[in-house]
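User: I'm new to this structure and don't want to get lost in it. Could you pick one part, take a close look at it, and then show me what lies beyond?

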Amino acid sequence: MNFIKMKYLLKPFLIAALVALAFAMPMIAASLAVFFFLGFLLNSLFVHLKMAAELSRFEKGDKSVQLKDYPRLQNMFFIELAKKSEEINQRQTALAQEEFEKLTATFNEVNEKLDNYARELEAEIIKRTNTINEQQMTIAITSKMAALGEMAGGIAHEINNPLTIISANCIFLKRTIEKGKFDPEMTIKRLNEIDKTIQRISKIIQGLKTLSRDATNEEFATVKIRDIMDDVIGLCSERLKNHGVRFEINLNDPVYNQIIECRQIQISQTFINLFGNAFDAVEKLDNRWIKFECRNLGNIIEFKIIDSGHGIPIDIQEKIFQPFFTTKGVGKGTGLGLSISNSIIQNHEGHFSIDNENSNTCFVITLPTIKKAA
Amino acid sequence: MVNDEITVLIVDDEQGIRDIFGLNFEIEGFNIVKASGGMEALEIVKNQHIDFVLSDVQMPAGDGFTLLKEIRKLKLNLPMVLLVTGFAEVTRSEVIAEGGLDLFSKPPDIDEIINIIKQSVTGQKLAA
């Protein structure tokens, strides 16, 4: 057959071809390898260039660039994003740390300044408190001196009148003897008059102790209300009488036997101050009187000092308890009387007020009979 | 002249003072009239013969200095001495400027006042 002939005919060629192929194979393989390698390189370059361009556009905000079209890019982008994010986190942490340290430093600085400021303030407060204490002491002394000054004229009047009686009685007795008109009965009568008048002066002096004694550190003590009023009346009644000011007080009322726990001199000073104010208010009026009332309200004693004046105008009622507020003329009032009296009553856990229901001027003071526990 | 021809008006709001001044003057033989305030004293001066006025200054029912001025207005040549008890009620020069004889502080020297009364009243009576 032809085929078999061809087979034998072609066999050498086939062998030759196979041998050639055997020799050519590595060459082909090498060529193919080089070809694919080059292809791969070119492809990579192309893809990278394209990706770079797309990324650049994407970064510039070109919305037509779809990241999902480039899965690798997307992948890379996310890796990059994650890296950036991590970087930012680290920077933020670093920044936060730095910021926190700065804040802490500032806070410490401010704190230290505040501490210093507090210390300075504390020192300043102590200094000013001392100044205020000194001033208060000066005010108390000034007020007492002013009260004494105001009263000096009155006291001179109160003492000089009884002194005149004593002196004139002595001269009279001397004359009766000199003129040989000695009369034992008359002499006894005159001596009694002298003695009575000396007692009168003694009461005034007794009342003066309330002004002369330092009441700043006075202790609370139990006192009969009548004893307080005796001192007050001893000091004020002559002055009132000499100016035609009627003074009403019912000392027979058993309420005056009531014992209260108080700083006696301070309470006396308060009443003397109120009587002094009442006196100044009614001195020039046609109808001149001052009334003192006292009531027992259980554990509280209520005192009312009423005068024939027509009340305190509402608009100045709050001011009258303020220090240095006065309606009296220059040199007459210090403006301290009521403010000091008010603080005395407050310190006694009492109450100081004006009774506006009364058609006359009426000050009301309430004091507990027993001092409340501190 | 004899003392019982001399009438002294004592003006003081305090009864104890009026009484003991009165006793002192009576023992001298003066006639005594008493008043408890300036207004009452002025009425007395207007209505009866008075030779001498001894008056307190500070009194509720009319003060002594006003009494002095009122008496001057009446053109009465009436010697008057004022007495003061406190401070700054009135000064001696003010009293003299208003025609008063003198001003004393309480308690006064009664012997001196009696002498002033005698001298002034005798002088006046002699002059008259």
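Analyst: Let's start with a rule for inside and outside: a residue is buried if 20 or more other C-beta atoms lie within 10 Å of its own C-beta, and exposed if 12 or fewer do. Keep in mind as well that this is a predicted model.

With that rule, look at helix H2 of chain B, which covers residues 38-47. Its buried residues are B:Gly38, B:Ala41 and B:Val45. These cover an arc of only 60 degrees around the axis, so they sit on the same side of H2(B). Now turn the helix around: the face pointing away from that buried side carries the exposed residues B:Glu43, B:Lys46 and B:Asn47. So what do the buried residues of H2(B) pack against? Their partners in chain B are E1, strand E2 (31-35), E3 and H3.

That last partner deserves a visit. Helix H3 of chain B spans residues 64-73, and its buried residues are B:Gly64, B:Phe65, B:Leu67, B:Leu68 and B:Ile71. Here the arc around the axis is only 160 degrees, which again puts the buried residues on the same side of the helix, H3(B). They pack against strand E1 (7-11), helix H2 (38-47), strand E3 (52-56), strand E4 (80-84) and helix H4 (92-97) of chain B. Just past the helix you'll meet B:Lys75, which follows H3(B) and has a positive phi, near 60 degrees.

How do H2(B) and H3(B) sit against one another? They pack at an angle of about 25 degrees, and their axes are 9 Å apart. That angle makes H2(B) roughly parallel to H3(B). The way H2(B) passes H3(B) is a right-handed crossing. On the H2(B) side, the residues that do the meeting are B:Gly38, B:Ala41, B:Leu42 and B:Val45, while H3(B) brings B:Gly64, B:Thr66, B:Leu67, B:Glu70 and B:Ile71. By class, the residues of this contact split into 5 nonpolar, 3 polar and 1 charged.

Let's zoom in on a single residue of that second helix. B:Phe65 lies in H3 of chain B. With 21 C-beta neighbours inside 10 Å, B:Phe65 counts as buried, because the cut-off is 20 or more. Setting aside residues up to four places away in sequence, B:Phe65 touches B:Val57, B:Leu82 and B:Val90. Take B:Leu82: this residue is 17 residues along the chain from B:Phe65, yet their C-alpha atoms are separated by 7.7 Å.

Now for what lies beyond. Chain A has 374 residues, of which 20% count as buried. Its secondary structure comes to 7 helices and 7 strands. Among the contacts in chain A with a separation of 6 or more, 69% are between residues 24 or more positions apart.

Chain A also has a helix pair to set beside the one you've just seen. Helix H4 (residues 225-242) and helix H5 (residues 264-282) of chain A pack at about 25 degrees, with 9 Å between their axes. That makes H4(A) roughly parallel to H5(A). Their crossing is right-handed. Among the residues making this contact are A:Leu235 and A:Cys236 of H4(A), along with A:Phe271 and A:Phe275 of H5(A). The contact between the two helices counts 10 nonpolar, 2 polar and 2 charged residues.

For an exposed residue, try A:Glu248 in strand E2 (residues 246-249) of chain A. A:Glu248 has 10 other C-beta atoms within 10 Å, so this residue is exposed, given the limit of 12 or fewer. Leaving out neighbours within four places in sequence, A:Glu248 is in contact with A:Trp289 and A:Lys291. The C-alpha atoms of A:Glu248 and A:Trp289 are separated by 7.6 Å, although the two are 41 residues apart along the chain.

Finally, where do the two chains touch? Their contact takes 24 residues from chain A and 19 residues from chain B. On the chain A side, helix H2 (71-178) and helix H3 (184-212) each supply at least two residues. The largest share there, 17 residues, comes from H2(A). By class, the side of chain A that touches chain B has 7 nonpolar, 13 polar and 4 charged residues.

Methods. Residues are numbered from 1 along each chain as its sequence is written. Chains are lettered from A and ligands numbered from 1 in the order in which they are written. This is a predicted model: local features need pLDDT of at least 70, side-chain atom pairs count only at pLDDT 80 or more; totals for chains, interfaces and linings use all residues. Two residues are in contact if their C-beta atoms, placed from the backbone, lie within 7 Å. Helices (H or I, at least four residues) and strands (E, at least two) are DSSP runs, numbered from the N terminus. Ala, Val, Leu, Ile, Met, Phe, Trp, Tyr, Cys and Pro count as nonpolar, Asp, Glu, Lys and Arg as charged, and the others, Gly among them, as polar. Axes are lines fitted to C-alpha atoms, for helices over the stretch in contact, and angles run from 0 to 180 degrees between N-to-C directions. Angles under 35 degrees count as roughly parallel, over 145 as roughly antiparallel, 65 to 115 as roughly perpendicular and the rest as oblique. A crossing is left-handed if the near helix is turned anticlockwise from the far one by less than a right angle, and right-handed if clockwise. The arc is that of the directions from the helix axis to the C-beta atoms.
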